[in-house]
Structure formats: C-alpha cells, structure tokens
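Colleague: I would like to learn how to read a few local features from a model, beginning with charged side chains in helices. Could you take me through them one at a time?

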Amino acid sequence: MQKRALAIHDVSCEGRCSLTVALPILSACGIHTAVLPTALLSTHTGVFTGYSCLDLTEEMRRVLTHWDTLPLHFDGLYSGFLGSYEQIELVGDTLQHYHSEHTLTLVDPVMADHGALYATYTRQMAGGMGELCRLADVIVPNVTEACLLMDQPYLENPSEGDIRRLLEGLAARYGCAQVMITGVPRKGLLGAAGFCAADGSFSYAGAPQLSRVFYGTGDVFASALFGAMLNGLAMGQAMRAAVDFTNAAMTHTLENGLPLHYGVAFEQALPELMRALGMM
Ligand code: PXL
C-alpha cells in the first residue's frame, strides 16, 4: 500500500526550502503527499530582505473544513515553518485530529539558526513550537532550536556531552520517542546526533564538513529522514540516508557554482536517496 503523508510548511516561492523541498523529496520516496501551506513568501527569510509574506491561517481553516467532508487518512504527519503564533494551535489541532495508532508524527521546530531566531519568529512563537513538539514521535531541531526548546543559552561549540544532555533533556521534556539534533559537528564531520528513548541509545551520522553556509539543508535533511522512516527504515539507517543525501545535495550545489542562498541542488541527489531506500 502506498503511504500517505501530510506536510505542513510554508511555500517560499524562490529559494529551495520548506514545501518546495519536502514535496519533491517525499514524492521521490514514493509517498502520496497532501500539503497544508502555512504562509506564502516570495523567498525564504534567511538571507533575503524585502520579501513578501502572507499568513495563510484563515485559508488553512477553510481547507481543513473541506477536508472534514473527505475520508482522509495519513500514515505520516510532518510540520515545519509556521506563519504566525495563532497558527500553532491550529497546527496542533490538525496533528491531533489526523493522528491514529500507527501515524508517524515528525515535528521540525523550525524557528532559528546560528544562535538567532528567524526574522518572522518571536519568543512567544518559540514557546508555541514546544507545544507542537509534545505531539511528535520524532523532532529534529538544530542546535539553536534545541537550546531554545530547553530554555538554555545557545551553545556555539557544543561538546559530545552537551549534545547528549540536550537529546535526553528534549526527549524527557517533550515526551518524544526519537530526537535528532542537526548541524552537529564531530571530528571534522557535520551531521545529526540521535537519541532513542525506548532503549536509551545514542547515535551519530556525519559527512565531511563543507566550510560554507547553506540554506534549506534542515528541510532537505528532515524531508529525507521522514521519507526514509515512512519507508520502514529504522532511525539509525534513516539518519544515515538523510545525512548522505543532504551532503550530496550540498556538494552538487558547490559543483554547480550556484549562489548558496537559493538552496541546495537536492534534485541532483534524488537518485542517491532512492537507491538508499532500495527503490532503484
Ligand atoms: O528552511 C527553513 C525555512 C523555511 N521557510 C522559511 C524560512 C526558513 C529559514 O530561514 O525563512 C520561510
């Protein structure tokens, strides 16, 4: 049976991130994906200025009201960048509404990077993102978001012990079965560190660190991870596949010589992801 997922993110019209990344990656993973767009922006907010941003909360309510008349079921629920504080409650209600015994819920608490909140995010929204994390089986914050979720100052150079404490703390505080922190450096590698609450195990998957600042890589990683997990890969294997895919996308971007703020060339790495999932 083909798996069905719901992806709740913004549409950034230019600059590959959020839905323009999640949808093609999940399609390549063979997953029938419905979308609930949270906001419409001309670009992402990471590096561009003067972008337009339309909060879609009211339209989301209309979409959900219509969906209530349809027999919809989702195997996976995946949320990311949100448009406003008011919207967080609606997204929480939606995750609960479509949750069933076998649903995999992945919340990417997108709100900050490199020690700072994104331009459209407030402290109040950061608190609300924590409430969404409580509804998730899996969360994938970066180091900045992990520190915010734990109400602690940003760790610029976290040690292995710092990352373990964050992982365990997040799992305990938000009740998530699996926590992964992204953008974790270790011995010249950059990757993701994971914690599985069921057996208390830690894991790490890294790839050679490329000394450039990329955009949208958190979304590329999380989408590939979610696609891999919906295809039945265990956390460690899914993390490995998603790290390799993200690294390949970054490498293609550098080879293409494209400006980095337009996101990474994940399109050219999709065959690699599909091979890792045994699809070709
Ligand atoms: O990649 C996360 C993201 C998603 N959507 C928008 C963003 C960002 C990060 O900056 O600005 C609109």
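Modeller: Let us begin with spacing along a helix, bearing in mind that this is a predicted model. R240 and D244 are 4 residues apart in helix α8 (residues 235–256), and so they are separated by about one helical turn.

Colleague: Why does a separation of three or four places matter in an α-helix?

Modeller: An α-helix has 3.6 residues a turn, so residues three or four places apart point the same way. In the present case R240 forms a salt bridge with D244, and their closest N and O atoms are 2.8 Å apart.

Colleague: Is R240 buried, exposed or partly exposed, and where does D244 fall on that scale?

Modeller: R240 has a relative accessibility of 33% and counts as partly exposed, and D244, at 29%, is likewise classed as partly exposed.

Colleague: Which residues of helix α2 could I examine in the same manner?

Modeller: Take E58 and R61, which both lie in helix α2 (residues 57–67) and are 3 residues apart, about one turn of the helix. Their side chains meet in a salt bridge, with an N to O distance of 3.5 Å. As for accessibility, E58 is partly exposed at 47%, and R61 is partly exposed at 35%.

Colleague: How many salt bridges does a search of the whole structure find?

Modeller: The search finds 8 salt bridges. One further pair worth inspecting is E131 with R134, whose side chains meet in a salt bridge at 3.5 Å, N to O; E131 is partly exposed with a relative accessibility of 46%, and R134 is partly exposed with 41%.

Colleague: Turning to how helices pack, at what angle do α1 and α7 meet, and how far apart are their axes?

Modeller: To read a packing, one looks at the angle between the axes, the distance between them and the residues in contact. Helix α1 (residues 18–28) packs against helix α7 (residues 217–230) at an angle of about 30°, with the axes 9 Å apart. Because angles under 35 degrees count as roughly parallel, α1 is described as roughly parallel to α7. The crossing of these two helices, α1 and α7, is right-handed.

Colleague: Which residues make the contact between α1 and α7?

Modeller: From α1 the contact involves S18, V21, A22, I25 and L26, and these meet D219, V220, S223, A224, F226 and G227 of α7. The residues of this contact divide into 7 nonpolar, 3 polar and 1 charged.

Colleague: Which residues of α1 are buried?

Modeller: The buried residues of α1 are S18, L19, V21, A22, I25, L26 and A28. Just after α1 comes a backbone feature to look at, since G30 takes a positive phi of about 85°.

Colleague: Which residues other than glycine have a positive phi, if I want examples to look up?

Modeller: Two examples are D151, which has a positive phi of about 55° although it is not a glycine, and K187, with a positive phi near 50°. To place them, I would check the surrounding elements and the accessibility. D151 lies in the loop between α5 (143–149) and α6 (160–174), and with 61% relative accessibility it counts as exposed. K187 is found in the loop between β11 (178–186) and β12 (189–196), and K187 also counts as exposed, at 77% relative accessibility.

Conventions
Residues are numbered from 1 along each chain as its sequence is written. This is a predicted model: local features need pLDDT of at least 70, side-chain atom pairs count only at pLDDT 80 or more; totals for chains, interfaces and linings use all residues. Side-chain values use heavy atoms; hydrogens and water are left out. A salt bridge is a side-chain nitrogen of Lys or Arg within 4 Å of a carboxyl oxygen of Asp or Glu. Buried means under 20% relative accessible area, exposed over 50%, partly exposed in between (1.4 Å probe, protein chains only). Axes are lines fitted to C-alpha atoms, for helices over the stretch in contact, and angles run from 0 to 180 degrees between N-to-C directions. Angles under 35 degrees count as roughly parallel, over 145 as roughly antiparallel, 65 to 115 as roughly perpendicular and the rest as oblique. A crossing is left-handed if the near helix is turned anticlockwise from the far one by less than a right angle, and right-handed if clockwise. Contact means heavy atoms within 4.5 Å. Ala, Val, Leu, Ile, Met, Phe, Trp, Tyr, Cys and Pro count as nonpolar, Asp, Glu, Lys and Arg as charged, and the others, Gly among them, as polar.
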